[in-house]
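Reader: Hi! Could you walk me through this chain?
Author: Happy to, here it comes.

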Amino acid sequence: MRPANRMRAGSDRARRSVRIGKIMELTDIRELHREKDVYIGKEITVGGWVRNNRDSKNFGFLVINDGTFFEPLQVVYGDGLENFQEICKINVGAAVVIRGTIVATPEAKQAFEMQAAEVIVEGPSTADYPLQKKRHSFEYLRTISHLRARTNTFQAVFRVRSLIAYAIHTFFMERGFVYVHTPLITSSDCEGAGEMFRVTTLDPKNPPLTEEGEVDFRQDFFGKATNLTVSGQLEGELGAMALGKIYTFGPTFRAENSNTTRHLSEFWMIEPEAAFYDLDDNMDLAEDFLKYLIRYALDNCMDDLKFLSARQQEEEKNKKAEERSMELIEKLNFVLTHSFERVTYTEAIEILKNSKPNKNGKFQYPVDGWGVDLQSEHERYLVEKHFKKPVILTGYPKEIKAFYMKQNPDGKTVAAMDVLFPQIGEIIGGSQREENYDKLVARMNEVGISEESMSYYLDTRRFGSAVHSGFGLGFERLLLFVTGMGNIRDVIPFPRTPKNAEF
């Protein structure tokens, strides 16, 4: 290598080290907005992505956002900058690092702006950048999920998602629960629905077969048929029988061919299990948990929630008054200010049977008697019209609930509980678990579950069984409620749904 080249390389490294030093001292745009009086007159460095670039003969304006706040920062640049012409050509979407002074602009739309002393283009963007300065539909943004987090709405949603995830761990850690990582690959079907994703290394075109012509999973990687889990509950119960109080928080998978606004093929679940907790303890825990998370959101995400509330109201402004959603922050406070009404399934059926919507044929699914599985419209009626508060339903018919739920003395119902919220219906499902070995085995035989395949689960009933309870909360279902978004695909960064596994 020639000396000149060595000098240039060394010079490039030197410039890069200086720039890295500046990057380490970046000021968040969120902090500028929250503490603007502190920053007026100060020179700082910010980094972000260009939302807009307007230039004229001698000066121009860059609007940048760094993902920390929904309000951007306006930067004024002038022709005194060495790379003025280059800055004028910066496209929307480019990544920039800018050093400049914050100045007050009380006469302008924004309270302050930055006067640029240096603008560095970290990463240019081409003219076909798909997020231009216009309103994009959520349907379109789902086709570019790898970029939609650069929009205000999705930045707000994902910031709320992050903070609530933190609050989930905080809640349980403060109460002595142990965080247990349950397996994603399992040989059991917790829900008994059979809608699971197969995990295999066998050749799909030429799998080994048994003498009976069936796929011989003994030759598969794990030596048996395995799937992606639908729930960590069964393993969670094992943990509770050793550690007392545990919780799981991880991804789960359902191979249900559903394309509704409330279903995902991959989603996250929070599942606590607690030894020596009966159904009443379980309901208390669920109510405390939900209120803690909602209060945490109101205390720590208010800017984002106000933005999301305004977005929702704008979206629904042309709807009839009775069709509009409850204002977002009002809805969250609605949950906080009411004790959850505890009602048996049998009582709920009588209320629904005698309700005006049922008698007038307004329900899509008429309620004609005891034993029917309640639909979202029924759950919402109980919460929004009848009780006008969140509801916990208990005592469901055992035929419509899972095999592991505690059987009540009446022989017809189980100690199940569903927590119902306004505008969403069921948000939590749980139960006291059947701790009696003989009753559990009998119920498994009734529904056709092999004792051999669940021997590990039955061992907890043979070796020191105890009263215990737990529930499951779908994280994305909770986020739908907290953010006011209308489609569950819009509260997870990269949604997995039938025929869709992009990005």
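Contacts and core

Author: Of the contacts (heavy atoms within 4.5 Å) in the chain between residues at least 6 apart in sequence, 68% join residues at least 24 apart. This is a predicted model, where local features need pLDDT of at least 70, side-chain atom pairs count only at pLDDT 80 or more, and totals for chains, interfaces and linings use all residues. Residues are numbered from 1 along each chain as its sequence is written, and side-chain values use heavy atoms, with hydrogens and water left out.

Reader: Thanks! How much of the chain is buried?
Author: Buried residues (under 20% relative accessible area, 1.4 Å probe, protein chains only) make up 49% of the 503.

Reader: And how many residues has the largest nonpolar core?
Author: That core has 68 residues, and Ile 164, Leu 305 and Phe 421 have the most contacts inside it. A nonpolar core is a set of buried Ala, Val, Leu, Ile, Met, Phe, Trp, Tyr and Cys residues joined through side-chain atoms within 4.5 Å. Helix α8 (residues 279-300; a DSSP run of H or I, at least four residues) gives the most to this core, with 12 residues.

Reader: What does Phe 421 touch?
Author: Not counting residues up to four places away in sequence, Phe 421 touches Leu 290, Ile 294, Val 335, Phe 340, Val 383, Pro 390, Ile 427 and Phe 481.

Reader: New topic: how big is the box that the C-alpha atoms fill?
Author: Roughly 85 × 65 × 40 Å, taken along the principal axes.

Key: Buried < 20%, exposed > 50% of the residue type's maximum accessible area, 1.4 Å probe, protein only. Helix = DSSP H or I, 4+ residues; strand = E, 2+ residues; numbered from the N terminus.
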